[in-house]
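Here is a small set of exercises to work through with the structure open beside you. Try each task before you read its solution.

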Amino acid sequence: MDPPIAEKSKTPWYFAIIPSNMATGSSTVLSTLLALNLGATVTEIGVLSAANAAATIIFSTIWGKLSDSSGTRKKYLLIIFFALIPIFLILSLVNSVSQLILSYSVLAIFTSGIAPIATMLAVESCKSKNWEGEVARYNSISSIGNIFGLVMNSAVAVFLKVSWLFYISSFSCLIAALMLWRLAEEPEITLERQAFPIRSLRNAEKFLSSIFHFLDIRQIRIPKVRKFKLKPLQLLFLACFVQWTGIYFFSVGETPLMKALGMPDSLILALNASASLISIFAFSKIVPSLKQSRGNLINTATIWRSILILGWAGTSLLLVYAIPYAFVFPFLLGTIWPISFAMIWLPIVTHAISSSPPNEKSATQGVLISSTAIANAIGAILGGFVISTFGYTIGFISAAVITLLSAPIFSRSLVDIT
């Protein structure tokens, strides 16, 4: 059945996400390729990813809290989009790995706020009770932006250096800002929150302190002193941290391995475009059609992600036993990967939203992103060191084991997930 007309009128602002994701969706692979072209080692790639993650850890929670406490979403998205325009221009001008690490970290200060704010704008703009479907739609449209950006960059990279592609990213952010300004509206009645006057940054500081307390490992007492039981939502964040530590442990070596196998920049970008295309169908069609509980989807996806990483470990053996058309194996693994991601991320996000306290919906999304960002920082550093020291095969096997270790933690957190 078609959604009500009132609900349809709220959806055009989604199209502003397409040009923004054309820029931000390509930023990770473009920065990695630029670093490799500048002569970076796998260890330096790990530092690049970790520095970006460190900025995300801090600012995703701040952006989420500012958006919650001020009662506005659109304004902060506009600030972010306009700030990204000069940052991408700076990235196009860097000529050393250290400059790239610094610029890429500044980029994360602003990109970290997009998901927690835009996700809640999508949820609160939905007039029906089917807000979970609205989250899926938002992710699908985000993937469209990724595809357009990666396809365009794949074609342009055949003729131009990677650094020139950041000019396109800067222009895309300008288009996104103008579209959001014209198309988006603040929801009159937001989901389980009331609009408050704009607070000072002290609110963000207090919230950041509460986040560190929320995730503080010191809360887990030794049984002899005090028995402490983590809440389901806290366990969910912990499970995400463990799994994404394994994911980023692996991903720091993914692009360098493809370069080592002789794949050109344009082909690597094309692989990412193919994965984004699959992601659209995964979020909009495949996962919603699966007749499984959220918990079963998460457990199944965890197993599949571990198996796929082991597949990359096998692919790394092609560095020793070279065969023609070796790029086929990364393409096969890379196109299956987004399905497993959709299977795990959609139920995690919807559960986090439904389980979070009133007036903290966007902030909870910020905490969720922070938990994966902390994993990014730790996993990237460890992965870069292990892969540089012991090679891709050992590094990827280690990443698969770490990823699988999150399964029992998820099982404990999924009691209330249906």
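The exercises below go from the whole protein to single residues and a helix pair.

This is a predicted model, in which local features need pLDDT of at least 70, side-chain atom pairs count only at pLDDT 80 or more, and totals for chains, interfaces and linings use all residues. Residues are numbered from 1 along each chain as its sequence is written, and side-chain values use heavy atoms, with hydrogens and water left out.

**Exercise 1. The whole protein**

Find how many helices and strands the protein has, and what share of its residues count as buried.

Solution. Start with the secondary structure: there are 17 helices and 0 strands. Both are DSSP runs numbered from the N terminus, helices being H or I with at least four residues and strands E with at least two. Next, turn to burial, where 56% of the 418 residues count as buried. Buried means under 20% relative accessible area, exposed over 50%, and partly exposed in between (1.4 Å probe, protein chains only). Then take the surface: the protein exposes about 18400 Å², and carbon and sulfur atoms supply 67% of that area. Accessible areas come from the Shrake-Rupley method with a 1.4 Å probe; for residues, only the protein chains shown count as cover. Finally, look at the contacts with a separation of 6 or more: residues 24 or more positions apart account for 86% of them. Contact means heavy atoms within 4.5 Å.

**Exercise 2. A salt bridge**

Locate the partner of Asp 265 in a salt bridge, and decide whether Asp 265 is buried or exposed.

Solution. The criterion is a side-chain nitrogen of Lys or Arg within 4 Å of a carboxyl oxygen of Asp or Glu. The structure holds 1 salt bridge. Asp 265 pairs with Lys 259, and their closest N and O atoms are 2.9 Å apart. Now compare the two with the burial cut-offs: Asp 265 has 14% relative accessibility, so Asp 265 counts as buried. Lys 259, at 27%, counts as partly exposed.

Stay in this region for one more residue. Gly 262 sits in the loop between helix 11 (254-260) and helix 12 (265-289). Its relative accessible area is 58%, so Gly 262 is exposed. Gly 262 and Phe 327 are 65 residues apart in sequence, yet their C-alpha atoms are 8.4 Å apart in space.

**Exercise 3. A helix pair**

Work out how helix 13 and helix 17 are arranged, and give the angle at which they pack.

Solution. Two packed helices are described by the angle between their axes and the distance between the axes. Here helix 13 (residues 294-315) and helix 17 (residues 406-413) pack at about 175 degrees, with axes 10 Å apart. Therefore helix 13 is roughly antiparallel to helix 17, a label for angles over 145 degrees (under 35 is roughly parallel, 65 to 115 roughly perpendicular, the rest oblique). From helix 13, the contact uses Ile 298, Asn 299 and Thr 302, and from helix 17 Ser 406, Ala 407, Phe 410 and Ser 411. Sorted by type, these residues are 3 nonpolar, 4 polar and no charged.

**Exercise 4. Two buried residues**

Which residues touch Ala 352, leaving aside its neighbours within four places in sequence? Do the same for Ser 163, not counting residues up to four places away.

Solution. Ala 352 belongs to helix 14 (residues 328-355). Its relative accessible area is 0%, so Ala 352 is buried. Ala 352 is in contact with Leu 233, Thr 364, Gln 365 and Leu 368. For Thr 364, 12 residues along the chain from Ala 352, the C-alpha separation is 7.0 Å.

Ser 163 lies in the loop between helix 7 (131-156) and helix 8 (165-183). With 11% relative accessibility, Ser 163 counts as buried. The residues Ser 163 touches are Leu 34 and Ser 92.

Terms used: Axes fitted to C-alpha atoms, helices over the stretch in contact; angles between N-to-C directions. Nonpolar A, V, L, I, M, F, W, Y, C, P; charged D, E, K, R; others polar.
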